[in-house]
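Open the viewer and keep the selection tool at hand. This tour goes stop by stop.

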Amino acid sequence: MDIFPMTAQSRSHSHIQSHILITGASSGIGAALALNYARSGTHLILWGRNQERLEQIAKKAQQHGASTETHVIDLNNTNHALECLQHIDSDHPIDICIFAAGISDIRPETELTELPHIVQNIACVNFSTPITLATEMAKRMAIRKSGNIALIGSVAAFHDLPMASAYSGSKAGLARFSTALHAAMKPHNVFVTLISPGYVDTPMSQRLVGARPFLVSPQKAARLISKAIGQGRAHLLFPRIFFITKVLEYLMPRSITHRLLRIANVKQNPSTLK
Ligand SMILES: NC(=O)c1ccc[n+]([C@@H]2O[C@H](COP(=O)([O-])OP(=O)(O)OC[C@H]3O[C@@H](n4cnc5c(N)ncnc54)[C@H](OP(=O)(O)O)[C@@H]3O)[C@@H](O)[C@H]2O)c1
């Protein structure tokens, strides 16, 4: 019996050299990663919620020679996502597992705080579910003595963002989890890579009002990310200029950085999160 909805499949396992699972493959960085990895001999397991966009990406990946399967999975349901992962990996062992799905939100101007139910959503999709699934994946890969896991964090992890405390907090937790898991898994020949992007030109950052300094295209982000995964690096931060802001926040008195961050007063077009 199928425990998860597989919406489309195209594969013949005889010639497949690597199985790659990507969450958040229906948009932005995850979609660009899917196309970056798409080639003959690669089987892409694409997760997302929007079936139509997921299938469009799968079709493009097939045109580049990859075989694909798509799964509509809501990461708010951690247990269901975990069951799906176990089922897929038992069927055909995953070589590279990339947790790209994520959500962001900014405190509405009319509110004193972020909204509790959205904070819960952010915690689940950005932190609880990816760390649960990455732990299961790490165990399975450690038994096989081979594999790569990547978790997409954010440079927001390094800053106390007053208007997005849930987002920056979820990414800070994810960052610590990822580098700690890297330390634990390296002796088992499993490599865990934390990705900390600055602004990438995707629907997520397009919702922000105002400047997006040092903006990177999703295609360039995907190239940098796949290279770092291939090298088994513990951490990739890009663009590098954000390393300076990270160090500055570390060195400056907290009261001053907090004042500066409050002044920054980042806004977004109406939230798509309800
Ligand atoms: N864009 C940036 O500037 C930027 C900067 C730093 C870090 N990041 C991080 O990069 C990652 C990718 O973001 P992006 O910019 O590519 O954003 P995006 O274009 O908005 O894509 C987000 C992806 O996450 C999926 N997703 C959201 N909620 C989900 C849920 N409950 N269950 C399953 N999938 C869900 C979406 O699926 P559906 O569309 O199918 O719902 C979509 O595929 C995120 O982790 C984000 O925090 C982005």
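Is tyrosine 199 buried, exposed or partly exposed? Select tyrosine 199: its relative accessibility is 24%, so it counts as partly exposed. The cut-offs behind that word are under 20% for buried and over 50% for exposed. Keep in mind that this is a predicted model.

**Stop 1: the aromatic rings**

A search of the whole structure finds two aromatic pairs. Keep tyrosine 199 selected and add phenylalanine 242. The ring centres of tyrosine 199 and phenylalanine 242 are 6.4 Å apart, and the planes meet at 65°, so this pair is edge-to-face. The two residues come from distant parts of the chain, 43 residues apart. Tyrosine 199 is in the loop between E7 and helix H6 (203–206), while phenylalanine 242 is in helix H8 (residues 241–251).

How does phenylalanine 242 compare in exposure? What is its relative accessible area? The value is 10%, so phenylalanine 242 is buried.

Now add phenylalanine 214. Its ring and that of phenylalanine 242 have centres 6.0 Å apart and planes at 90°, so this pair is edge-to-face. Phenylalanine 214 sits in the loop between strand E8 (208–209) and helix H7 (218–230). Phenylalanine 242 is in helix H8, so the pair ties together parts that are 28 residues apart in sequence. With a relative accessible area of 47%, phenylalanine 214 is partly exposed. Show the three side chains together: ring pairs link Tyr199, Phe214 and Phe242 into a cluster.

**Stop 2: a charge over a ring**

Select lysine 246 and phenylalanine 158. The charged end of lysine 246 sits over the phenylalanine 158 ring, 4.7 Å from the ring centre.

**Stop 3: alanine 156**

Go to the loop between E6 and H5, where alanine 156 has its place. Alanine 156 has 7% relative accessibility, so it counts as buried. Which residues does alanine 156 contact, leaving aside its neighbours within four places in sequence? They are Leu161, Tyr167 and Ser168. For a distance check, pick the C-alpha atoms of alanine 156 and glycine 230: they are separated by 24 Å, and the residues are 74 apart along the chain.

**Stop 4: the nonpolar cores**

In soluble globular proteins, nonpolar side chains tend to be buried together. Here, the largest nonpolar core has 34 residues. Select Leu21, Trp47, Leu85, Ile94, Cys97, Ile149 and Leu151, the members that touch the most others. Then colour the elements that each supply at least two residues of this core:

- Strands E3 (42–48), E5 (96–99), E6 (147–152) and E7 (190–197).
- Helices H3 (78–91), H4 (116–144) and H5 (165–185).

Which element gives the most to this core? It is H4, with 10 residues.

Zoom in on isoleucine 94. Not counting residues up to four places away in sequence, isoleucine 94 touches His19, Leu21, Ile45, Leu85, Ile88, Asp89, Met137, Met141 and Arg144. Apart from the largest core lies another, of 32 residues. Leu44, Leu54, Ile152 and Phe238 are among them.

**Stop 5: the cavity**

How many cavities of 30 Å³ or more does the structure hold? It holds one. The largest cavity encloses about 70 Å³ of space. Select its lining: Thr23, Leu75, Phe99, Ala101, Val125, Asn126, Thr129, Pro130, Leu133, Ile152, Lys171 and Leu174. H4 and H5 each supply at least two lining residues. H4 gives the most, with five residues.

Terms used
Residues are numbered from 1 along each chain as its sequence is written. This is a predicted model: local features need pLDDT of at least 70, side-chain atom pairs count only at pLDDT 80 or more; totals for chains, interfaces and linings use all residues. Side-chain values use heavy atoms; hydrogens and water are left out. A nonpolar core is a set of buried Ala, Val, Leu, Ile, Met, Phe, Trp, Tyr and Cys residues joined through side-chain atoms within 4.5 Å. Buried means under 20% relative accessible area, exposed over 50%, partly exposed in between (1.4 Å probe, protein chains only). Helices (H or I, at least four residues) and strands (E, at least two) are DSSP runs, numbered from the N terminus. Contact means heavy atoms within 4.5 Å. Rings of Phe, Tyr and Trp (its six-membered ring) pair if their centres lie within 6.5 Å; planes under 30 degrees apart count as stacked, over 60 as edge-to-face and the rest as tilted. A charge sits over a ring if NZ of Lys or CZ of Arg is within 6 Å of the ring centre and within 35 degrees of the ring normal. On a 1 Å grid over the protein atoms alone, a cavity is a set of points where a 1.4 Å probe fits but cannot get out, and a pocket is an open set with protein on both sides within 12 Å along at least five of seven lines; lining residues have an atom within 4 Å of a point. Grid points are joined across faces, edges and corners, and a volume is the space filled by probe spheres set on the points.
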